[in-house]
Amino acid sequence: MPPSLHFPDGRWVACLCAGWCGTCRDYRPVFDQVVAAHPGMHFLWLDIEEEADLVGELDIETFPTLLIADGPVLRFAGPLLPHAGTLSRLLGSLDNKAGLAGSADPALTDLVQALHRRLSSA
């Protein structure tokens, strides 16, 4: 992860991927389009094998899996089809909802907290 990244308490999106995953490779340019379309938001491409210590016990079954959080608070976690419009619509829908998504998976909660701590202190 580049040391120059700094993610304050605003919204951030992490794409959990794997280098061997063809769908992830296909998704990267789509993800980059969404990054360019949302300059005020922070995005992170995270290879779960390269960052295995950070990912910990979290079991990712479907790639790519996205995490969307407002600071340390998880808003969305799940796989998403590789379409720019789908991710953009999801981001827009989160702006319109006051409720926050919770997580029953402690490993997911741990990862969100660890990412927030790491990115906030970078």
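What do the buried residues of helix 1 pack against? In this predicted model, they pack against strand 1, strand 2, strand 3 and helix 3 (84-95). The residues in question are Cys24, Tyr27, Val30, Phe31 and Val34. To see how this fits together, it helps to start with the sheet.

The sheet is an open one, made of four strands in the order 2-1-3-4, and its pairing is mixed. At the edges sit strand 2 and strand 4 (73-79), each of which pairs on one side only. Going from one strand to the next, the twist averages 15 degrees. The mix of directions shows up once the pairs are taken one by one. Strand 1 (residues 11-17) and strand 2 run parallel and are joined by six bridges. Here Trp12 stands opposite His42 in strand 2. Strand 3 and strand 4, on the other hand, run antiparallel, and six bridges join them. In this pair Asp70 stands opposite Val73 in strand 4. Strand 3 and strand 4 also form a hairpin, with two residues between them. Gly71 is in that turn and has a positive phi of about 60 degrees.

Now for the helix. Helix 1 lies across strand 1, strand 2 and strand 3 (65-70), and runs at about 165 degrees to strand 2. Does its length come out as expected or not? With 16 residues at 1.5 Å a residue, helix 1 should span 22 Å, and the end C-alpha atoms are 24 Å apart, which agrees. Helix 1 does have a bend, though: about 35 degrees at Arg28. A proline, Pro29, follows within four residues.

Some of the buried residues of helix 1 carry aromatic rings, and these are worth a closer look. A search of the whole structure turns up five aromatic pairs. One of them joins Tyr27 and Phe31, with 5.9 Å from centre to centre and 55 degrees between the planes, so the pair counts as tilted, short of the 60 degrees that edge-to-face would need. Why are these two residues separated by about one helical turn? They are four residues apart in helix 1 (residues 22-37). As a rule, an α-helix has 3.6 residues a turn, so residues three or four places apart point the same way. Tyr27 and Phe31 are both buried.

Phe31 has another partner. Together with Phe43 it forms an edge-to-face pair, 5.6 Å from centre to centre and with 85 degrees between the planes. Phe31 belongs to helix 1 and Phe43 to strand 2 (residues 42-47), so this pair ties together parts that are twelve residues apart in sequence. Are these two rings on buried or exposed residues? Phe31 counts as buried because its relative accessibility is 2%, and Phe43 counts as buried at 12%. Ring pairs link Tyr27, Phe31, Phe43 and Trp45 into a cluster.

Elsewhere in the chain, Pro106 gives a contrasting case. This residue is found in helix 4 (residues 106-121). Its relative accessibility is 55%, so Pro106 counts as exposed. Where does Pro106 stand relative to Leu58? The two are 48 residues apart in sequence, yet 8.4 Å apart in space, C-alpha to C-alpha.

Conventions:
Residues are numbered from 1 along each chain as its sequence is written. This is a predicted model: local features need pLDDT of at least 70, side-chain atom pairs count only at pLDDT 80 or more; totals for chains, interfaces and linings use all residues. Side-chain values use heavy atoms; hydrogens and water are left out. Rings of Phe, Tyr and Trp (its six-membered ring) pair if their centres lie within 6.5 Å; planes under 30 degrees apart count as stacked, over 60 as edge-to-face and the rest as tilted. Buried means under 20% relative accessible area, exposed over 50%, partly exposed in between (1.4 Å probe, protein chains only). Two strands pair if DSSP finds at least two bridges between them. Axes are lines fitted to C-alpha atoms, for helices over the stretch in contact, and angles run from 0 to 180 degrees between N-to-C directions. Contact means heavy atoms within 4.5 Å. The expected span of a helix is 1.5 Å times one less than its number of residues. The bend at a residue is the angle between axes fitted to the seven residues ending there and the seven starting there.
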